[in-house]
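Open the model in your viewer and keep the sequence panel visible. The tour below tells you what to select and what you will find at each stop.

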Amino acid sequence: MLRLAKVTLCGFKSFADRTEFRFDDPVTAVVGPNGCGKSNIVDAIKWVLGERSAKSLRSKEMQDVIFAGSAARAPAGFASVTLTFDNPTLPAPIEPASGDEALADAAEEADPGESVIQRRGPRLRPLPIDTEAVSVERRLHRDGQSQYLINGKRARLRDIRELFLDTGIGADAYSIIEQGKVDAMLLASPTDRRTIFEEAAGIARFRARRLESMRKLDRTESNLLIAREQLATAERRLKTVRTQAERARTFRALDARLRGLRLALALHQYDELCSRLEGLTSRQHGLERERDAAIEDVEQIEARRQDAELERHEL
Ligand code: ATP
């Protein structure tokens with residue numbers, strides 16, 4: 001069973017020195033004179049569980065929870081509160097409820113890093129961490145630096161909330177009923193009272209799961225919207241690309257036709273030139289023959305002229 005084993009305070013409100021409250025035996029009440037710091041213990045428990053309202057811790061601002069000093073002592077530099085819970089092995093493991101996977105998915109999505117919290121599979125201990133004791137610490141320094149630690153490892157507030165989900169433990173859970181709360185409960189409106197009972201009945205986890213699922217749904221819806229916009233853009237681009245492809249196809253067909261026609265024209269011209277060349281070559285041959293015959297005639301006439309010249313000389 002989950003049990004608060006001890007509360008350790010250091011520099012928190014009136015607890016300047018490191019003070020440890022051990023709850024080895026069931027404790028019914030803490031008694032003391034007015035103003036000795038009884039309510040400060042309740043404040044400390046609420047604070048470490050993630051209380052974010054300074055007013056609810058009876059302070060003006062969060063830094064007021066750090067020991068402010070006294071006549072004999074200087075103020076503390078930081079406040080620290082640690083809750084230590086016994087976390088023994090359960091007699092029978094608790095199987096995860098349907099829908100817990102979705103919650104684990106959402107948590108892992110938000111926190112892809114290494115976490116001390118075991119999010120999947122059957123739970124072997126009251127708290128989802130596989131150690132005999134679980135310590136949760138919150139520290140606040142005067143400069144405003146704040147830290148949460150689970151078993152000495154840095155954690156975030158949402159890890160603390162996740163750790164105690166379904167246990168009834170929390171800064172605003174029904175397990176902490178401070179001074180005046182009973183009165184407030186009795187005087188509460190039926191709606192507010194219903195919230196208190198729902199929390200006690202463990203409905204809080206379902207509400208948290210619903211919230212997580214709604215967030216996931218929101219994320220999915222916005223992703224869907226983005227995907228739709230991308231689809232519309234892609235469709236527009238597809239239309240342009242289709243037109244361009246059609247044009248390219250027409251161009252290729254016309255270009256092929258043009259090349260065919262150019263080739264046919266070239267062949268036709270080649271044929272024409274070839275037959276013209278043939279005609280001119282045979283004409284050239286005829287003229288050459290005529291020229292050779294004329295040269296022969298000239299040579300014969302020259303020979304005859306020379307003979308006639310000789311004859312004239314002799315005469
Ligand atoms: P009551 O019976 O009135 O509820 P109580 O025993 O619950 O009193 P608390 O109210 O818890 O006492 O404690 C109040 C005391 O804590 C006061 O003396 C107050 O001066 C002291 N205190 C609160 N905050 C600080 C702080 N930051 N530094 C030092 N002392 C503080």
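The stops run from the ligand to a pocket, then to some loops and helices.

**Before you start**

This is a predicted model, in which local features need pLDDT of at least 70, side-chain atom pairs count only at pLDDT 80 or more, and totals for chains, interfaces and linings use all residues. Residues are numbered from 1 along each chain as its sequence is written, and side-chain values use heavy atoms, with hydrogens and water left out.

**Stop 1: the ligand**

Select the ligand and show the residues near it (a residue is near if one of its heavy atoms lies within 4 Å). The selection should hold 16 residues, and the closest are Ser-39, Asn-40, Arg-58, Asp-64 and Ala-68. Colour this shell by class: 5 residues are nonpolar, 7 polar and 4 charged. Here Ala, Val, Leu, Ile, Met, Phe, Trp, Tyr, Cys and Pro count as nonpolar, Asp, Glu, Lys and Arg as charged, and the others, Gly among them, as polar.

Next, look at single atoms. At Asn-40, a polar backbone atom is 2.7 Å from an oxygen atom of the ligand. At Arg-58, a polar side-chain atom lies 2.8 Å from a ligand oxygen. At Asp-64, a polar backbone atom is 2.8 Å from a nitrogen atom of the ligand. On its own the ligand has 640 Å² of accessible area, and the protein covers 69% of this. Such areas come from the Shrake-Rupley method with a 1.4 Å probe; for residues, only the protein chains shown count as cover.

Stay on Arg-58 and look at its backbone. Arg-58 sits in the loop between H1 and S3, and its phi is near 60°, a positive value in a residue other than glycine. The labels H and S stand for helices (H or I, at least four residues) and strands (E, at least two), which are DSSP runs numbered from the N terminus.

**Stop 2: the second largest pocket**

Select Leu-4, Val-42, Ile-45, Ser-175 and Ile-176, which lie nearest the centre of the second largest pocket among its 30 lining residues. A pocket is found on a 1 Å grid over the protein atoms alone: it is an open set of points where a 1.4 Å probe fits, with protein on both sides within 12 Å along at least five of seven lines, and lining residues have an atom within 4 Å of a point. About 880 Å³ of space lies in this pocket; grid points are joined across faces, edges and corners, and the volume is the space filled by probe spheres set on the points.

Which elements give two or more residues to the lining? They are strand S1 (3-10), helix H1 (38-48) and strand S3 (78-86). H1 gives the most, with 6 residues. By class, the lining has 17 nonpolar, 7 polar and 6 charged residues.

**Stop 3: Lys-13**

Move to the loop between S1 and strand S2 (19-22), where Lys-13 is placed. Is Lys-13 buried or exposed? Lys-13 counts as buried because its relative accessibility is 12%, where buried means under 20% relative accessible area, exposed over 50%, and partly exposed in between (1.4 Å probe, protein chains only). The phi of Lys-13 is near 45°, a positive value in a residue other than glycine.

**Stop 4: helix H3**

Select residues 157-164, which form helix H3; 6 of its 8 residues are buried. These are Leu-157, Asp-159, Ile-160, Glu-162, Leu-163 and Phe-164. Just after H3, Asp-166 has a positive phi of about 80°.

**Stop 5: helices H4 and H6**

Met-185 is in helix H4 (residues 181-187) and is partly exposed, at 23% relative accessible area.

Then select helix H6 (residues 204-314), which holds Arg-257. Arg-257 is exposed, with a relative accessible area of 58%. Measure from Arg-257 to Glu-235: the two are 22 residues apart in sequence and 33 Å apart in space, C-alpha to C-alpha. Arg-219 is also found in H6 and is partly exposed, at 33%. The C-alpha atoms of Arg-219 and Asn-34 are separated by 51 Å, with their positions 185 residues apart along the chain.

Terms used
A polar contact is a pair of N or O atoms within 3.5 Å; within protein, one must be able to donate a hydrogen and the other to accept it, and residues adjacent in sequence count only if both atoms are side-chain atoms.
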